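Okay, hi everyone, thanks for making time for this. I'll put the structure up now, and then I'll walk you through the parts I'd look at.

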Amino acid sequence: MTERGERRAGGRWPMADRSVLATVLGVPPVAAVGIGAALTALGVFVDLARIGSLGVVFTICYIAGCVLAVAWVRRNGLFGPMVQPPLLVAVAVPVVVLLAGSPKPGAGVTQRLLVIGAPLVNAFPIMAWTTGIVVAIGVVRLIVQRPLDSPNTPGEPVNARRGSAAGRGAAGKGAARSGRGAARGAVRTSESPPRS
């Protein structure tokens, strides 16, 4: 018997604990989302410091972080990394822009919104493509890595188990019917007056 987290024979992990590779243990969903968020924040920070807007470094870090997260996460934790790309752009970009020191303190509300909104608008096409790629990888993993393990005992054929279960079910129904008939008969005899 294998416990969660122990390798099975052949060096493969249980299906629910696998990453995209059968021989590599997946990380928990929180760690996977953290990987994507850290790489995205790094890309935003580097590009804002380098050129003042989102550029190539952000694009590479963002796509790599999101794809790495959905590929490395455990199969049973795919939901978070699959919905992560739009949320990362919506949260990481404004936070890093605000932490980077712009807009200036004397700026009006409109200027602040433009300083924060411009990187969001510029990042939209990249976010849309990345979301499509990540969702495609996640759906393929959900389909390809379906658990094929059955509750059969080793060496017991599936048909024999089903046949025995069907036989037990039919026998159980017959026993239940005869038991109900006997109970009805007992009720009738106890209610009927004794005949002389």
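Let's jump right in with a pair of helices: H2 and H4 cross in a right-handed way. Keep in mind throughout that this is a predicted model.

So how do H2 and H4 sit relative to each other, parallel or antiparallel? H2 covers residues 56–72, and its axis lies 10 Å from the axis of H4, at an angle of about 15°. Angles under 35 degrees count as roughly parallel, and therefore that's what we call H2 and H4.

Which residues do the touching? On the H2 side you'll find, among others, Tyr62, Ile63, Cys66, Val67 and Val70. Facing them from H4 are residues including Ile126, Met127, Thr130, Ile133, Val134 and Ile137.

Let me stop at two of those H4 residues. Take Thr130, which is part of helix H4. Is Thr130 buried or exposed? Its relative accessible area is 1%, so Thr130 is buried. If we skip its neighbours within four places in sequence, Thr130 has contacts with Tyr62, Ile63, Cys66 and Pro85.

Next, Val134, also a residue of helix H4. Val134 has a relative accessible area of 0%, so it counts as buried. Again leaving out neighbours within four places in sequence, its contacts are Cys66, Val67, Val70, Pro81, Met82 and Pro85. How far apart are the C-alpha atoms of Val134 and Val67? They are 67 residues apart along the chain, and yet 5.9 Å is what separates them in space.

You'll have noticed Pro85 in the contacts of Thr130 and again in those of Val134. That brings us to helix H3, where Pro85 is one of the residues that meet H2.

Here's H3 against H4. H3 runs over residues 79–99 and H4 over residues 109–144; their axes come within 7 Å, crossing at roughly 160°. Because of that angle, H3 is roughly antiparallel to H4. The way H3 passes H4 is right-handed.

And H3 against H2? Those axes come within 9 Å, with a crossing of roughly 145°. This crossing is right-handed too. From H2, the contact uses Phe58, Tyr62, Cys66, Ala69 and Val70. From H3, the partners include Pro81, Met82, Pro85, Leu88 and Val89. So, putting the pairs together: H2 packs with H4, H3 crosses H4, and H2 crosses H3.

Let's move to Asp47, which I'd like you to zoom in on. Asp47 belongs to helix H1, residues 29–50. Its relative accessible area is 0%, so Asp47 is buried. What does its side chain reach? One target is the backbone nitrogen of Gly55, at 2.5 Å. Another is the backbone nitrogen of Val57, at 3.4 Å. Setting aside residues up to four places away in sequence, Asp47 touches Gly52, Ser53, Leu54, Gly55, Val56, Val57 and Phe58. Phe58 should sound familiar: it's one of the H2 residues that meet H4.

Now for two residues outside the helices we've covered. Arg18 sits in the segment before H1. With 11% relative accessibility, it's under the 20% cut-off, so Arg18 counts as buried. Where does Arg18 lie relative to Arg74? C-alpha to C-alpha they are 5.2 Å apart in space, though 56 residues apart in sequence.

Then there's Gly77, in the loop between H2 and H3. Gly77 has a relative accessible area of 8%, so it is buried as well. Its C-alpha atom is separated by 8.8 Å from that of Val30, and those two are 47 residues apart along the chain.

Let's zoom back out. How many helices and strands does the protein chain have? Five helices and zero strands. Read from the N terminus, the order is α-α-α-α-α.

How much of the chain is buried? Of its 196 residues, 29% are. The exposed surface comes to about 12400 Å², and carbon and sulfur atoms supply 68% of that.

One last number. Take the contacts between residues at least 6 apart in sequence: 64% of those join residues at least 24 apart. Val134 and Val67 are a nice pair to keep in mind there, being 67 residues apart along the chain.

That's my bit, so over to you for questions.

Key:
Residues numbered from 1 in each chain as written. Predicted model: local features only at pLDDT ≥ 70, side-chain atom pairs only at ≥ 80, totals over all residues. Heavy atoms only, no water. Helix = DSSP H or I, 4+ residues; strand = E, 2+ residues; numbered from the N terminus. Buried < 20%, exposed > 50% of the residue type's maximum accessible area, 1.4 Å probe, protein only. Polar contact = N/O pair within 3.5 Å; in protein donor to acceptor, adjacent residues only side chain to side chain. Contact = heavy atoms within 4.5 Å. Areas by Shrake-Rupley, 256 points an atom, 1.4 Å probe, with all protein chains shown as cover. Axes fitted to C-alpha atoms, helices over the stretch in contact; angles between N-to-C directions. Parallel < 35°, antiparallel > 145°, perpendicular 65-115°, else oblique. Left-handed = near helix turned anticlockwise from the far one by under 90°.
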